[in-house]
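Me: Please take a close look at a single part of this model and what surrounds it. Give the cut-offs behind each term once, in one connected reply.

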Amino acid sequence: MIPNLNAHQLINCLLSNALLYGLILLFSGYMMNNSVQFWDKTAEYYSKQSIADEAAYQKKLQVTREYFKPDMEVLEFGCGTGSTAIAHAPYVKHIRAIDFSSKMIEIARSKAEANKIENVTFEQLTIDELSVGDRTLDMVLGLNILHLLENKEEVIAKVYKMLKPGGLFVTSTVCLGDTMKWFKIVAPIGIFLGLMPTVAVFTTKELSDSLTDAGFTIDYHWQPSKSISKGVFKFKGVFIVAKNPY
Ligand SMILES: C[S@@+](CC[C@H](N)C(=O)[O-])C[C@H]1O[C@@H](n2cnc3c(N)ncnc32)[C@H](O)[C@@H]1O
């Protein structure tokens with residue numbers, strides 16, 4: 001129903017909506033900047049950190065490789081310092097690997113050069129800025145990234161559109177809702193103060209539902225039995241291979 005407004009009321013209404021919209025944009029821009037700065041500062045340390053569960057990491061590499069074909073065009077978003085893209089490069093035609101942190105991309109490029117890897121292209125780009133033709137990719141990798149996005153559902157829908165029929169979305173995601181529901185209350189304060197990047201709290205079931213709601217079918221689902229503990233933090237990841245069936 002459209003309310004009956006005079007010109008003065010209409011202008012007031014438009015101005016207050018514009019102000020609200022502006023504030024929302026400013027706030028989300030601030031959060032995004034905080035996250036970029038956080039990951040820029042963390043990049044050097046991140047590249048030297050050992051993998052928390054090496055056996056689980058190796059299993060995920062192996063399962064992913066079972067889906068590879070030598071002519072595949074792959075995208076990885078949130079590629080960090082590029083280790084996984086570099087490890088997978090020999091098995092596919094090309095990997096486009098993006099990350100919004102310039103420091104992460106700098107380290108990734110130097111690792112690729114040191115390893116003489118030429119079929120991975122690293123780009124500094126946010127997932128929102130990324131433009132990819134519909135139904136052009138064979139596989140998309142989103143590893144340890146979905147829980148760091150403010151708009152997980154939008155990104156999942158975007159990935160779905162990029163994939164060819166039968167194309168695969170490989171994700172490894174920390175589902176804090178399974179082990180640390182309380183984090184939902186604490187996270188916004190830490191994010192606002194710049195102490196941590198954007199972190200979303202959802203359960204494994206909610207993630208699976210997000211994927212199937214977007215049209216994916218779940219081809220492979222694995223949760224390592226071991227959970228990772230760091231101080232008060234206790235979390236588990238879930239590894240999913242989802243298929244765009246059409
Ligand atoms: C936890 S790290 C994971 C890196 C790598 N995928 C891995 O598994 O080791 C998350 C990465 O995602 C990047 N990132 C976070 N939000 C992003 C966004 N909206 N667009 C692009 N990159 C993003 C960060 O800069 C960081 O390098």
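Reply:
**The sheet and its surroundings**

Tyr220 has Val241 of strand 9 opposite it; strands here are DSSP runs of E with at least two residues, helices are runs of H or I with at least four, and both are numbered from the N terminus. The model is predicted: local features require pLDDT of at least 70 and side-chain atom pairs pLDDT 80 or more, while totals for chains, interfaces and linings take in all residues. Residue numbers start from 1 in each chain, following its sequence as written.

Strand 6 and strand 9 (residues 237-243) run antiparallel and are joined by five bridges; two strands count as paired when DSSP finds at least two bridges between them. They belong to an open, mixed sheet of seven strands, ordered 3-2-1-4-5-9-6. Strand 3 (120-124) and strand 6 (217-222) are its edges, each pairing on one side only. Ignoring direction, neighbouring strands of the sheet are turned by 15° against each other on average.

Two helices lie across part of this sheet. Helix 2 (residues 54-67) crosses strand 4, strand 5, strand 6 and strand 9, at about 180° to strand 5. Helix 8 lies across strand 5, strand 6 and strand 9 and runs at about 15° to strand 9. Such angles, from 0 to 180 degrees, are taken between N-to-C directions of lines fitted to C-alpha atoms, for helices over the stretch in contact. Contact means C-beta atoms, placed from the backbone, within 7 Å.

Helix 5 (residues 152-162) has Val155, Ile156, Val159, Tyr160 and Met162 buried, that is, with 20 or more other C-beta atoms within 10 Å of their own (12 or fewer is exposed, in between partly exposed). These buried residues line one face of helix 5, because they fall within an arc of 165° seen down its axis; the arc is that of directions from the axis to the C-beta atoms. Their cover includes strand 1 (73-77), strand 4 (137-143), strand 5 (163-174) and helix 8 (204-213).

At strand 2 (94-99), the loop leading to helix 4 (102-114) holds Phe100. Phe100 counts as buried because it has 21 C-beta neighbours inside 10 Å. Beyond four places in sequence, Phe100 contacts Val36, Gln124, Leu125 and Thr126. Phe100 is also among the closest of the 18 residues surrounding the ligand, with Trp39, Gly78, Gly80 and Ser101; the criterion is a C-beta atom within 6 Å.
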